[in-house]
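Please look through the sequence and the three-dimensional structure shown here before reading on. The explanation that accompanies them is meant for a reader who has not seen this structure before.

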Amino acid sequence: LYIITTAKKRDKKEWEGECAPFTLSNTRDFSMNSVQVTVDSWNNIQNYIDVENAFFIFDEQRLVGSGAWVKSFIKIAKTNKWIILSATPGDTWMDYVPIFVANGFYKNRTEFIRRHVVYSNFSKFPKIERYVEQGVLQKLRNRILVDMPYTRHTVRKVEDVRVSFDSASFDRVVKDRWHIYEDRPIRDVSELFIVMRKLVNSDPSRLSTIKKIYKKHPKLIIFYNFDYELEKLRTLASKLNVEVAEWNGHKHQEIPETDSWIYLVQYTAGAEGWNCTDTDATVFYSLNYSYKLNEQAKGRIDRLNTEFTDLYYYILSSDSMIDKAIKRALSSKKNFNETDLGFSTLSQSVHIQ
């Protein structure tokens with residue numbers, strides 16, 4: 001039995017605990033069933049492409065695109081039994097392509113695209129305009145998904161918290177295309193969004209709001225996006241005299257075992273693969289573009305074994321056009337795309353000037 005999971009769950013040996021009631025162990029001598037269990041992370045999936053006649057459990061859906069993980073997964077699926085565990089299997093039909101190919105529904109990604117995908121003719125980069133034969137796709141999806149209904153005892157209470165932003169500086173960024181942090185013209189649309197988001201997300205009102213929320217919830221999980229946000233959030237340790245721990249690309253710390261704490265989690269690094277039943281509150285310090293990541297982040301405290309009934313989610317956002325656009329997309333259960341704001345042609349006009 002091979003279990004491919006997140007690095008955090010592997011290191012915490014969560015799966016060893018799950019296997020114990022079934023007398024399964026990663027040491028054959030301790031297993032009455034003589035089944036050797038191997039638990040590893042997605043980062044090492046390529047180490048198992050030559051394994052045959054085994055059973056694989058793929059924990060969490062990490063099969064996006066056509067990269068090395070997807071190629072390794074498809075090779076493993078051809079010669080082994082397998083199952084994928086995920087509460088969020090896919091946002092779009094493209095998310096299902098690796099699973100469909102592994103099940104033999106399509107020869108490869110190219111065949112799927114040729115049959116079902118229509119690209120926009122008015123985009124400078126490959127942008128999917130629509131899918132065709134979606135009835136076929138729905139039938140294929142129904143063949144592979146396993147519905148696992150359960151009665152949820154928790155109630156999610158989501159509160160949109162309005163924070164401020166420097167509108168004058170924001171106008172200078174958007175209208176004058178000026179990089180206010182480096183005092184120079186903005187190069188292109190990508191940089192425009194970077195500067196807009198940094199200006200909005202760095203406003204002092206966000207940190208002040210965190211302090212107020214902390215008074216209500218002395219154990220608090222905070223999701224953030226960027227390192228410059230992390231630097232500000234780290235100051236909470238001294239300002240609130242509270243223990244602050246982190247899970248991101250820099251540190252992999254555990255949640256403190258104290259009466260009060262703040263746990264800083266970077267969306268991409270920690271939106272899935274761990275649980276916390278010690279708190280009833282999560283703050284979204286800044287908005288993430290991905291609807292899926294936002295939902296996964298909410299699920300960290302919404303567990304079957306939590307003792308809380310009411311769970312509180314505080315979503316910080318401003319009246320800036322960038323925050324409003326991201327919220328519109330997420331409320332429609334879609335990922336935010338920067339082209340939605342209509343800046344896709346600005347890079348060309350800036351270069352001409």
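The paragraphs below go from the whole chain to single elements and residues.

The model is a predicted one. Its protein chain contains 15 helices and 14 strands. With a radius of gyration of 23 Å, close to the 20 Å given by the globule rule for 353 residues, the chain is as compact as a globular protein of that length. The C-alpha trace spans about 70 × 55 × 35 Å along its principal axes.

How much of the chain is buried? Of the 353 residues, 44% are buried. The contacts can be described by sequence separation: among those with a separation of 6 or more, 66% join residues 24 or more positions apart. The accessible surface of the chain is about 19000 Å², and carbon and sulfur atoms contribute 49% of this area. As for charge, the chain carries 51 positive and 45 negative side chains, and 5 Å separates the centres of the two sets.

The cysteines may be considered next. A disulfide is a covalent bond between the sulfur atoms of two cysteines. A search of the whole structure finds 0 disulfides. Cysteine 19 has a relative accessibility of 6%, and because buried means under 20% relative accessible area, cysteine 19 counts as buried. Cysteine 276 is buried as well, its relative accessible area being 3%.

Among the helices, helix 13 deserves a closer look. This helix covers residues 291-298, and 7 of its 8 residues are buried, so helix 13 is largely enclosed by the rest of the structure. The buried residues are Tyr291, Lys292, Leu293, Asn294, Gln296, Ala297 and Lys298. What do these buried residues of helix 13 pack against? Their partners include the strands 7 (155-162), 10 (219-224), 13 (281-284) and 14 (310-317). Helix 12 (267-270) and helix 14 (321-331) also pack against the buried residues of helix 13.

Another buried position is histidine 116, which belongs to helix 5 (residues 109-116). Its relative accessible area is 0%. Histidine 116 and tyrosine 131 are 15 residues apart in sequence, while their C-alpha atoms are 5.3 Å apart in space. Leaving aside residues up to four places away in sequence, histidine 116 touches Tyr106, Arg130, Tyr131, Val132, Glu133, Val136 and Leu137.

One of those contacts, glutamate 133, is found in the loop between strand 6 (128-131) and helix 6 (134-144). Although glutamate 133 is not a glycine, its phi is positive, at about 55°. Glutamate 133 is partly exposed, with a relative accessible area of 39%. Lysine 13 likewise has a positive phi, near 60°, in a residue other than glycine. The loop that holds lysine 13 runs between helix 1 (7-11) and helix 2 (14-19). Is lysine 13 buried or exposed? Lysine 13 is exposed, with a relative accessible area of 52%.

A further loop residue is isoleucine 180, placed between strand 8 (178-179) and strand 9 (184-185). Isoleucine 180 is partly exposed, at 26% relative accessible area. From C-alpha to C-alpha, isoleucine 180 and phenylalanine 170 are 9.2 Å apart, with their positions 10 residues apart in sequence numbering. Not counting residues up to four places away in sequence, isoleucine 180 touches Ser169, Arg172, Val173, Val195 and Leu199.

Terms used: Residues numbered from 1 in each chain as written. Predicted model: local features only at pLDDT ≥ 70, side-chain atom pairs only at ≥ 80, totals over all residues. Heavy atoms only, no water. Helix = DSSP H or I, 4+ residues; strand = E, 2+ residues; numbered from the N terminus. Rg over C-alpha atoms; globule rule 2.2 N^0.38 Å. Buried < 20%, exposed > 50% of the residue type's maximum accessible area, 1.4 Å probe, protein only. Contact = heavy atoms within 4.5 Å. Areas by Shrake-Rupley, 256 points an atom, 1.4 Å probe, with all protein chains shown as cover. Lys, Arg positive; Asp, Glu negative; His and termini not counted. Charge placed at Lys NZ, Arg CZ, Asp CG, Glu CD. Disulfide = S-S within 2.5 Å.
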